[in-house]
Amino acid sequence: MMSNTQTTGNTKFFLMPAKDSLHLIYHLPTESTNVDSLVYTVFRKGQWEKAYQIDRFMPMQKTPFLARRLSREHIILYYRTGRNVLSAREMLLTPYTMGSVTPLIQTPSPFVDISIVNDNEKIHMIYIVRGMFRTQVVYQYKHTSAISTPRILWEDANCDNCLAYLEEGKVILMWTVNGQPMRCVSENGGASFGPAERYMEKFPGYCLKGEMLGAQDDALNTTECYGNARHGFLPAVFTPSPLPEAKEEQKRSIPQPDYSKAYTALQEAHKKQLEELTTLLTQRSDEVAAVNARWKAQLEKLEAELAALRRENEALKAKQSIAQSTLLTQNTEKDA
């Protein structure tokens, strides 16, 4: 679909598979610096349909934009419409219908990253803003039409890679400080949070965020996940940290989970998806090659016909020149 690697190397894609189609939202640079075009297209019946521009926006550094699937054909987009303004926009896939842009959050400093997760009542949002000297990790939630007061969870010189997820009724927020993971937990739906603490369990050495893409009826407790950029984005699995005095007792009483089977299943699923995409790309390449071959054959035929016409034209010119020369000679002899 796109071959300019210099243009699309940092492009984020949001995929929405359906029964007979694949919906895709992505962004591309525009003529304006730090302004991108948010684009929607769909792959149906063996070909990409016309791409539509949703809006122009300002990509964030870590997560350019977010898309959340509300139902089978209904999604909501979150993207930056100004340096310090995050907006939301609803969209229907079939028929293709765009809602209006609604400003959601306005901050005193520009956004660096954001993560959003929904439970049955609230939309939980963690985001990072960068001032002149420090970055702030901030939490807010949206309940019906109301937005909570911003809660600053952490301040430091270099924060990024924020992530929100749900686990056993808790809202868990994570972020990295100079590459080191931090975590903060709320046990009452975001009304209050415990202290922000260093996460001491296993964590990806080369952290990168990715989208979680579940089946239509799967209830996921997160929409994003951390992964290791050096190992094919193998997703990181987190478990709640017990209280310090209970850690040793928990280790003795509860067998440690073995994620090897889950990792293997994820790797197999990843491999299968890559094989399917490779097959599709090969099929498309064959189709393009066949079209190119037909055009080449037609072009060669036209070039051969043109060459024949040129030869015929040259022969006619030669005959005309001989005839004119003969006529001139005859006229000269008559005059003599």
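Where in the chain does Lys-45 lie? In this predicted model, Lys-45 is placed in the loop between strand S3 (36–44) and strand S4 (47–48). Its phi is near 55 degrees, a positive value in a residue other than glycine. Most residues other than glycine have a negative phi, and most peptide bonds are trans. Lys-45 has a relative accessible area of 79% and is therefore classed as exposed, the cut-off being over 50%.

Asn-178 also has a positive phi, near 50 degrees. Asn-178 occupies the loop between strand S17 (170–177) and strand S18 (180–186). With a relative accessible area of 51%, Asn-178 is exposed. A further backbone feature concerns the peptide bond between Thr-94 and Pro-95, which is cis, with omega at about -5 degrees. Pro-95 belongs to the loop between strand S8 (85–92) and strand S9 (97–98).

These loops belong to a protein that contains 3 helices and 22 strands. Of its 336 residues, 33% count as buried. The accessible surface comes to about 21,200 Å², and carbon and sulfur atoms account for 53% of that surface. Among contacts between residues at least 6 apart in sequence, 36% join residues at least 24 apart.

The interior may be considered next. In soluble globular proteins, nonpolar side chains tend to be buried together. Here the largest nonpolar core has 18 residues, and those with the most contacts inside it are Ile-126, Ile-128, Val-137, Leu-153, Leu-173, Trp-175 and Phe-193. At least two residues of this core come from each of strand S11 (111–118), strand S12 (122–130), strand S13 (135–143), strand S16 (159–167), S17 and S18. A second, separate core of 16 residues includes Ile-76, Phe-111, Ile-114 and Val-138. Within the largest core, Val-137 offers a useful point of inspection. Leaving aside residues up to four places away in sequence, Val-137 touches several residues, including Ile-126, Ile-128, Leu-153 and Trp-175. Its contacts also include Arg-151 and Cys-159.

Charged side chains add another set of pairings, with a count of 7 salt bridges. One of them brings together the side chains of Arg-44 and Glu-49, at 2.7 Å from N to O. Arg-44 is partly exposed at 22% relative accessibility, and Glu-49 is likewise partly exposed, with a relative accessible area of 34%.

Another salt bridge joins Lys-62 and Asp-160 at 3.7 Å, N to O. This pair links distant parts of the chain, 98 residues apart: Lys-62 is in the loop between strand S5 (52–57) and strand S6 (66–71), whereas Asp-160 is in strand S16. Lys-62 is partly exposed at 37% relative accessibility, but Asp-160, with a relative accessible area of 13%, is buried.

Which parts of the chain does the pair Arg-68 and Glu-224 tie together? Arg-68 lies in strand S6 and Glu-224 in strand S21 (residues 224–228), so their pairing connects parts that are 156 residues apart in sequence. Their side chains meet in a salt bridge at 3.8 Å, N to O, and both Arg-68 and Glu-224 are buried. Through salt bridges that share partners, Arg-68, Asp-113, Lys-209 and Glu-224 form one network.

Conventions: Residues are numbered from 1 along each chain as its sequence is written. This is a predicted model: local features need pLDDT of at least 70, side-chain atom pairs count only at pLDDT 80 or more; totals for chains, interfaces and linings use all residues. Side-chain values use heavy atoms; hydrogens and water are left out. Helices (H or I, at least four residues) and strands (E, at least two) are DSSP runs, numbered from the N terminus. Buried means under 20% relative accessible area, exposed over 50%, partly exposed in between (1.4 Å probe, protein chains only). A nonpolar core is a set of buried Ala, Val, Leu, Ile, Met, Phe, Trp, Tyr and Cys residues joined through side-chain atoms within 4.5 Å. Contact means heavy atoms within 4.5 Å. Accessible areas come from the Shrake-Rupley method with a 1.4 Å probe; for residues, only the protein chains shown count as cover. A salt bridge is a side-chain nitrogen of Lys or Arg within 4 Å of a carboxyl oxygen of Asp or Glu.
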